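These are my notes from one session with a structure. I wrote down what I looked up, in the order I looked.

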Amino acid sequence: PEIRKQAVTVATRVIPIDSLNDAVTQTILISLGYIIEFLAFGSFLEYINPTPMNEYRKRMMKRQIKYGIQSLLYIVIYTVIWMWKFDPLMPYYGYYETHTFTPTDFVVNLFVYMFTFDTWFY
């Protein structure tokens, strides 16, 4: 673990989280960014939606915004905690600091991720 913590690069540190204060700050900043993106894209989709606005649609929009923001907050909090506490303990953390990333690695990772996500989510 000590050797891994010495290598501080983009490959090992996507978001700098070294303390609870850093974790809270990153959670707030990331959450705000995702919420703004969520609301902006949702607003755009509502703007181009040709369906007439009625009370049911307004109620559903408010409900979707509420649940969407809650989901984003849970996901961001979980991810920040994972990156802060658990990611540095993983066996391949910082692997590409000492190994080159080859086109073969890219192809293998592509197929592994495609298989994993396609079987997990379907």
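Entry 1. Before starting I fixed one term: a residue is buried when its relative accessible area is under 20%, exposed when over 50%, and partly exposed in between. I also noted that this is a predicted model.

Entry 2. I looked up Thr27 to try the term out. Thr27 has a relative accessible area of 15%. The cut-off for buried is under 20%, so Thr27 is buried. I found Thr27 in helix α2. I then asked which residues Thr27 is in contact with, leaving aside its neighbours within four places in sequence. They are Val76, Ile77 and Val80.

Entry 3. I stepped back to the whole chain. I counted 5 helices and 0 strands in the protein chain. Read from the N terminus on, the order of elements is α-α-α-α-α. The chain has 122 residues, and 12% of them count as buried. I also checked contacts between residues at least 6 apart in sequence: 70% of these join residues at least 24 apart.

Entry 4. Next I looked for the largest nonpolar core. Which residues make up this core? I listed Ile15, Ile17, Ala23, Val76, Val80 and Trp84, which is 6 residues in all. Helix α3 gives the most to this core, with 3 residues. I copied one general remark beside the list: in soluble globular proteins, nonpolar side chains tend to be buried together. Val76 and Val80 belong to the core, and both had already come up as contacts of Thr27.

Entry 5. I followed Ile15, one of the core residues, a little further. Not counting residues up to four places away in sequence, Ile15 touches Gln26, Ile30 and Met83.

Entry 6. I turned to charged pairs. How many salt bridges does the structure hold? I found 2. One of them is between the side chains of Arg57 and Glu46, at 2.3 Å from N to O. Arg57 lies in helix α3 and Glu46 in helix α2, so this pair ties together parts that are 11 residues apart in sequence. Arg57 is buried, because its relative accessible area is 11%. Glu46, at 26% relative accessibility, counts as partly exposed.

Entry 7. Another salt bridge joins the side chains of Lys58 and Glu55, at 3.9 Å from N to O. Here both residues lie in helix α3, and they are 3 residues apart, about one turn of the helix. Are Lys58 and Glu55 buried or exposed? Lys58 is at 38% relative accessibility, so I put it down as partly exposed. Glu55 has a relative accessible area of 55%, so I put Glu55 down as exposed.

Entry 8. Last, I looked at the second largest pocket. About 220 Å³ of space lies in it. The residues lining this pocket are Phe38, Leu39, Phe41, Gly42, Ser43, Leu45, Glu46, Met61, Gln64 and Ile65. Sorted by class, the lining has 6 nonpolar, 3 polar and 1 charged residues. I asked which helices supply at least two residues each to this lining. They are α2, spanning 20–48, and α3, spanning 55–86. The largest share, 7 residues, comes from α2. Glu46 is in the pocket lining, and I had met Glu46 before as the salt-bridge partner of Arg57.

Methods: Residues numbered from 1 in each chain as written. Predicted model: local features only at pLDDT ≥ 70, side-chain atom pairs only at ≥ 80, totals over all residues. Heavy atoms only, no water. 1 Å grid on protein atoms, 1.4 Å probe; cavity = no way out; pocket = protein on both sides within 12 Å on 5 of 7 lines; lining within 4 Å. Points joined across faces, edges and corners; volume = space filled by probe spheres on them. Helix = DSSP H or I, 4+ residues; strand = E, 2+ residues; numbered from the N terminus. Nonpolar A, V, L, I, M, F, W, Y, C, P; charged D, E, K, R; others polar. Core = buried A, V, L, I, M, F, W, Y, C linked by side-chain atoms within 4.5 Å. Buried < 20%, exposed > 50% of the residue type's maximum accessible area, 1.4 Å probe, protein only. Contact = heavy atoms within 4.5 Å. Salt bridge = Lys/Arg side-chain N within 4 Å of Asp/Glu carboxyl O.
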